[in-house]
Amino acid sequence: MDITLYHSPGACSMATYISLLEAGAVFDVKFILLKNNDQTSPDYAAINPKKKVPFLVIDGKGLSENIAMQTWIAETYPEANLLPSDSWKHKQALSHMGWFGSGIHQHLTRHFKPVKFCADTNAHADIKEKARAMYMEQLALVEAELMGKTWFFDHFTVCDSYFFWIYDRALTEGFDLSEFKSCTDHYNRMRERESVQKVLTHKPD
Ligand SMILES: N[C@@H](CCC(=O)N[C@@H](CS)C(=O)NCC(=O)O)C(=O)O
């Protein structure tokens, strides 16, 4: 199988990258550097018209959206056990990933780039503060979910890869997450994994 991941360091493609490594997949990484606006280049738009990372090309066919990619990885490499086999827990895992992708990610985007949402620079501080507060509200729910647990489920899954990015990106935004002890422990546990170390240190030459 021929697999290419389009990735930008620090972006949510980190989650996909971690899961591919955890799956033991053989794949290429192509850097699309968001800091250089590579995602808007005509060459990349021809590959992924949504102009976002992550993007996977599998034997010539493109797949976008973290939730779909993570599910594809787990289903393609079943021996890695990256999603719960129990039907209800499997749906809970999809629910978590849908929540991370549509319920939490957006607050990080608003905090990072308020100009995308409002041209009036006077409003940016307010947008950022509201985005931070909404993120923190969601993280309190994740904290309750993770309390007393090592992983979201009784073994490592793609939800753990995905949440690693949700937490890591908030640190980059300067959020103080120390009140969320279980989330912080989860993050530190993730950082000990070889896959995460590889993703954190893999930068373009
Ligand atoms: N719904 C997409 C979101 C992807 C996304 O927003 N990626 C960001 C990086 S974290 C991006 O490529 N942003 C570039 C831009 O908006 O110009 C997914 O779940 O994969």
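The following exercises, each with a worked solution, examine a predicted model of a protein.

Residues are numbered from 1 along each chain as its sequence is written. Because the model is predicted, local features need pLDDT of at least 70 and side-chain atom pairs count only at pLDDT 80 or more, while totals for chains, interfaces and linings use all residues.

**Exercise 1. Overall form**

Determine which elements the protein contains, and why its radius of gyration agrees with that of a compact globule.

Step 1. Helices (H or I, at least four residues) and strands (E, at least two) are DSSP runs, numbered from the N terminus. The secondary structure comes to 8 helices and 4 strands. From the N terminus on, the order is β-α-β-α-β-β-α-α-α-α-α-α.

Step 2. The radius of gyration is taken over C-alpha atoms, and the globule rule is 2.2 Å times the number of residues to the power 0.38. For 205 residues, a compact globule would have a value near 17 Å; the protein has 17 Å, so the two agree.

Step 3. Along the principal axes, the C-alpha atoms fill a box of roughly 50 × 45 × 30 Å.

Step 4. A residue is buried if 20 or more other C-beta atoms lie within 10 Å of its own, exposed if 12 or fewer, and partly exposed in between, with C-beta atoms placed from the backbone. Buried residues make up 33% of the 205 residues.

**Exercise 2. The two domains**

Establish how many residues of domain 1 and of domain 2 are in contact, and which helices supply the side of domain 1.

Step 1. Domain bounds come from an automatic or database domain assignment. This assignment gives domain 1 (3-80 + 195-201) and domain 2 (87-193).

Step 2. The centres of domain 1 and domain 2, taken over C-alpha atoms, are separated by 19 Å.

Step 3. Two residues are in contact if their C-beta atoms, placed from the backbone, lie within 7 Å. By this criterion, 15 residues of domain 1 are in contact with 15 residues of domain 2.

Step 4. On the domain 1 side, helix H1 (13-23), helix H3 (66-76) and helix H8 (194-201) each supply at least two residues.

Step 5. For classes, Ala, Val, Leu, Ile, Met, Phe, Trp, Tyr, Cys and Pro count as nonpolar, Asp, Glu, Lys and Arg as charged, and the others, Gly among them, as polar. The side of domain 1 that touches domain 2 has 8 nonpolar, 6 polar and 1 charged residues.

**Exercise 3. The nonpolar core and helix H1**

Identify which residues touch the most other members of the largest nonpolar core, and what covers H1.

Step 1. A nonpolar core is a set of buried Ala, Val, Leu, Ile, Met, Phe, Trp, Tyr and Cys residues joined through C-beta atoms within 7 Å. In the largest core, of 46 residues, Met14, Ile18, Tyr162, Phe163, Phe164 and Ile166 touch the most other members.

Step 2. Helix H6 (residues 158-172) gives this core its largest share, 9 residues. At least three residues come from each of domain 1 and domain 2.

Step 3. Leaving aside residues up to four places away in sequence, Ile166 touches Phe100 and Ile104.

Step 4. H1 is mostly covered, with 11 of its 11 residues buried. Its buried residues include Met14 and Ile18. What covers them includes strand S1 (3-7), strand S2 (28-31), strand S3 (55-58), H3, H6 and H8.

Step 5. After H1 comes Gly24, whose phi is positive, near 80°.

**Exercise 4. The ligand shell and backbone details**

State which residues surround the ligand, and where Pro54, Glu65 and Asp59 are found.

Step 1. A residue is near a molecule or strand if its C-beta atom, placed from the backbone, lies within 6 Å of it. Around the ligand are Ala11, Cys12, Leu34, Gln39, Lys51, Lys52, Val53, Pro54, Glu65, Asn66 and Gly101. This shell has 5 nonpolar, 3 polar and 3 charged residues.

Step 2. Val53 and Pro54 are joined by a cis peptide bond, with omega about 0°. Pro54 is found in the loop between helix H2 (42-47) and S3.

Step 3. Glu65 lies in the loop between S4 and H3. Although not a glycine, Glu65 has a positive phi of about 80°. Glu65 is partly exposed because 18 other C-beta atoms lie within 10 Å.

Step 4. Asp59 lies in the loop between S3 and strand S4 (61-64). Its phi is also positive, near 45°. Asp59 counts as exposed because it has 7 C-beta neighbours inside 10 Å.
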